[in-house]
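Q: Please take a close look at one part of this structure. Start where one element ends, then work outward to what packs around it. Short sentences would help me.

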Amino acid sequence: MDFELSPIQRERCAGIGAAVAERFAEHVTSADPELVRLAWKDAAGVGLTGLCLSEQHGGAGLGALDTALGLEAFGRSCSDMGLVFGVAAHLLSCAVPVREFGTDEAARELLAGMAAGDLIAGNAMTEDEAGSDIGRIRTTATRTGEGYVLAGEKSFVSNAPVADVFVTYAVTDPSAGFLGVSAFAVPRELDGVVVGPPLRKMGLNGCLAARVRFEDCVVPARYLLGAEGSGGAIFQHSMAWERGCLFAAYLGLMERQLAECVGRTTRRRQFGRKISGFQAVSHRIARMRQRLESARLLLYRACWLLDQGRTDVTAIAMAKTAVSEAAVANSLDAMQLFGSAGYLADTGIEEQLRDCLPTTVFSGTTEIQLELIAREAGL
């Protein structure tokens, strides 16, 4: 086993990190849609919106591991984790399905814009009564001569207030259960696409989210992804990429956070000495480092397997669980290490905690991941 990144990988990651640090040096998290779109253009200028899209469509043509490394560098150098999350979700849960399953016409129409950051995508899957359980969605797609008529409402769509296209899932055959769901790429400009007001959230504020309603929205047949009834398999494919690669951004956050904690504890003095000299402090930092490195190895392995054409459900679920739980635990430790200063907005520690808490919920809850791991173990 070779754990060393190649010179090309190291150079690429360093380049992304330096470019992000320069472009986002004075960036402030904003909920203003116009400012959010400007930030997206900055991210696109670094190539982050097209990491795993083909060079033909303006992307970098990277595999899963290299995409994860790029997102890790993004998360390390950019403090706006909402923006990082939004870009990653756009790329992995939306662009990947269009890349893999879109018609030639839809790919020509959408992928170049998605790679360039001119088109922002939102994953419209979650409903009030259906999250990871795709067989329970209620949105319907009825075949007509022109394509499909979509009717239903999605309860939480990341990027929705600024999105130009939605990758969504709807029931085309109610009698077929999991095999009766189909996937679509729906341009926002179509009649019947209604985006609600931005949802108020506790974190990831740079990633605007909203409810999306399809009111008898006529979607031309060219926007169907894959074959009719393959929506479940397409969703699982996109989730493998999202769970495998998106969480690399949190490895970057944890590395930046760890450096901040080391700096804080070696500067701050109490009882006549640096607080880093207290075992209670040094051991807390040691455990933060251990969680980070353990999670990193699991995530790299899961992405490597994807690159080998092996979608290992257990490896992906373990990586997602390890990263999300480490991110929350490390953020709580960072709060303790910074003390009262960590509770203030100036240090950014409290924002890191708020941005990390939802990692155990989105892309499938920790409980869902544990169920997948248990099932693969034969339980």
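A: Gly309 sits just after helix H8, and its phi is positive, about 80°. The model is predicted, so this angle is a computed value. Most residues other than glycine have a negative phi. We will come back to that rule at the end.

Now step back into H8 itself. H8 covers residues 279-307, which is 29 residues. From its first C-alpha to its last, H8 reaches 42 Å. That is close to the 42 Å expected at 1.5 Å a residue.

Which residues of H8 are buried? They are Val281, Ile285, Met288, Leu292, Ala295, Arg296, Leu299, Tyr300, Ala302, Cys303, Leu305 and Leu306. Keep one rule in mind as you read that list. An α-helix has 3.6 residues a turn, so residues three or four places apart point the same way.

What do the buried residues of H8 pack against? Their partners are helix H3 (64-77), helix H6 (231-246), H7 and H9.

Take H7 next. Two packed helices are described by the angle between their axes and the distance between the axes. For H7 and H8, the angle is about 160° and the axes are 10 Å apart. An angle over 145 degrees counts as roughly antiparallel. H7 is therefore roughly antiparallel to H8. The two helices cross in a left-handed way.

Look at who makes this contact. H7 supplies Ala248, Leu251, Met254, Glu255, Gln257, Leu258, Cys261, Val262 and Thr265. H8 supplies Val281, Ile285, Met288, Arg289, Leu292, Ala295, Arg296, Leu299 and Tyr300. By class, the contact of H7 with H8 has 13 nonpolar, two polar and three charged residues. Val281, Ile285 and Met288 are also among the buried residues of H8.

H7 has another partner in H9. H7 spans residues 248-267, and H9 spans residues 313-338. They pack at about 20°, with axes 10 Å apart. An angle under 35 degrees counts as roughly parallel, so H7 and H9 are roughly parallel to each other. This crossing is left-handed.

From H7, the contact uses Tyr250, Leu251, Met254, Gln257, Glu260, Cys261, Arg264 and Thr265. From H9, it uses Val323, Ala326, Ala327, Asn330, Ser331, Ala334, Leu337 and Phe338. The classes here are ten nonpolar, four polar and two charged residues. Leu251 of H7 meets H9, and Leu251 also meets H8.

One residue of H9 leads back to H8. Ile316 lies in H9. Is Ile316 buried or exposed? Buried means under 20% relative accessible area. Ile316 has 5% relative accessibility, so it counts as buried. Beyond its neighbours within four places in sequence, Ile316 is in contact with Ala240, Arg243, Gly244, Ala302, Leu306 and Thr311. Ala302 and Leu306 are among the buried residues of H8. Ile316 and Ile373 are 57 residues apart in sequence, yet 9.3 Å apart in space, C-alpha to C-alpha.

H3 is another partner of the buried residues of H8. H3 also packs with helix H1 (residues 7-23), at about 35° with axes 8 Å apart. H1 passes H3 in a right-handed crossing. Gln9, Arg12, Cys13, Ile16, Gly17, Val20 and Ala21 of H1 meet Leu65, Asp66, Leu69, Gly70, Ala73, Phe74 and Ser77 of H3. That contact divides into eight nonpolar, four polar and two charged residues.

Zoom in on Cys13 in H1. At 14% relative accessibility, Cys13 counts as buried. Cys13 touches Leu69 and Ala73, not counting residues up to four places away in sequence.

Now return to phi. Gly309 has a positive phi of about 80°. Phe271 also has a positive phi, near 55°, and Phe271 is not a glycine. Phe271 is in the loop between strand S9 (269-270) and strand S10 (273-274). Exposed means over 50% relative accessible area. Phe271 has 79% relative accessibility, so it counts as exposed.

Asn159 has a positive phi too, near 75°, in a residue other than glycine. Asn159 is in the loop between strand S3 (147-158) and strand S4 (165-171). With a relative accessible area of 2%, Asn159 is buried.

Methods: Residues numbered from 1 in each chain as written. Predicted model: local features only at pLDDT ≥ 70, side-chain atom pairs only at ≥ 80, totals over all residues. Heavy atoms only, no water. Axes fitted to C-alpha atoms, helices over the stretch in contact; angles between N-to-C directions. Helix = DSSP H or I, 4+ residues; strand = E, 2+ residues; numbered from the N terminus. Parallel < 35°, antiparallel > 145°, perpendicular 65-115°, else oblique. Left-handed = near helix turned anticlockwise from the far one by under 90°. Contact = heavy atoms within 4.5 Å. Nonpolar A, V, L, I, M, F, W, Y, C, P; charged D, E, K, R; others polar. Expected span 1.5 Å × (residues − 1). Buried < 20%, exposed > 50% of the residue type's maximum accessible area, 1.4 Å probe, protein only.
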